Amino acid sequence: MSVHILVVDDSSTVRGYYTSILSKAGFAVDHAANGYEALEKAVKFDYDFFIVDINMPKMSGYELVRQLREDERGVGVPVIIISTEAKDSDRLEGYRAGANLFLVKPVKPERLLFLTKIIAGVR
């Protein structure tokens, strides 16, 4: 499998959790601790997929997704927002920013893997 995913979350535990699940399934996984670090990596590497938290220092996940969508390299790249924020207004904001899917933490490993494969177009 040649899908390269960037996991963006300020929690090293969460980044490790997602990385473990996805890498065991054959995805190439990189990670960033905040939106600025993610944007720096997105300029240097071609990612096929982003998993983004909302509440991060320096730049929110919403702003990160907006900036990814403003850059031609990020326009069509799938984004899943995974957050503890569960209100309809949070979901709406995520979709307005350009997310393909909005999930509420905690996400079970099998659900994360299943939805990632569907959105990434992997069987």
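Biologist: Let's start with the aromatic rings. Which residues do ring pairs link into a cluster?

Modeller: In this predicted model, ring pairs join Phe45, Tyr47 and Phe50 into a cluster. The count of aromatic pairs comes to three.

Biologist: How do I read a single pair, such as tyrosine 17 with tyrosine 18?

Modeller: The general idea is that two numbers describe a pair of aromatic rings: the distance of the centres and the angle of the planes. For tyrosine 17 and tyrosine 18, the centres are 5.7 Å apart and the planes make an angle of 50°, a tilted pair.

Biologist: And is tyrosine 18 buried or exposed?

Modeller: Tyrosine 18 is buried, at a relative accessible area of 4%, whereas tyrosine 17 is partly exposed at 35%.

Biologist: Now the interior. Which residues have the most contacts inside the largest nonpolar core?

Modeller: Think of a core as buried nonpolar residues joined through side-chain atoms within 4.5 Å. Here the largest one has 22 residues, and those with the most contacts inside it are Leu6, Val8, Phe50, Val52, Leu64, Val79 and Ile81. Two or more residues come from each of strand S1, helix H2, strand S3, helix H3 and strand S4. H3 gives the largest share, four residues. Apart from this core lies another, of 19 residues, including Tyr18, Leu22, Leu112 and Leu113.

Biologist: What does leucine 6 touch?

Modeller: Leaving out residues up to four places away in sequence, the contacts of leucine 6 include Ala38, Tyr47, Phe49 and Phe50.

Biologist: Next, helix H4. Which of its residues are buried, and why do they lie on the same side?

Modeller: In general, an α-helix has 3.6 residues a turn, so residues three or four places apart point the same way. In H4, residues 88–97, the buried ones are Asp90, Gly94 and Ala97. They cover an arc of only 65° around the axis, which puts them on the same side of H4. Asp88 and Arg96 are exposed on the other side. The buried residues pack against H3, S4 and strand S5. Just after H4, glycine 98 takes a positive phi of about 125°.

Biologist: Since S4 came up, what does isoleucine 80 touch?

Modeller: Isoleucine 80 lies in strand S4 and counts as buried because its relative accessibility is 0%. Not counting residues up to four places away in sequence, isoleucine 80 touches Phe49, Phe50, Ile51, Val52, Leu101, Leu103, Thr116 and Ile119.

Biologist: How far apart in space are isoleucine 80 and valine 14?

Modeller: They are 14 Å apart, C-alpha to C-alpha, and 66 residues apart in sequence.

Methods
Residues numbered from 1 in each chain as written. Predicted model: local features only at pLDDT ≥ 70, side-chain atom pairs only at ≥ 80, totals over all residues. Heavy atoms only, no water. Buried < 20%, exposed > 50% of the residue type's maximum accessible area, 1.4 Å probe, protein only. Contact = heavy atoms within 4.5 Å. Arc of directions from axis to C-beta. Phe/Tyr/Trp six-rings, centres within 6.5 Å; stacked < 30°, edge-to-face > 60°.
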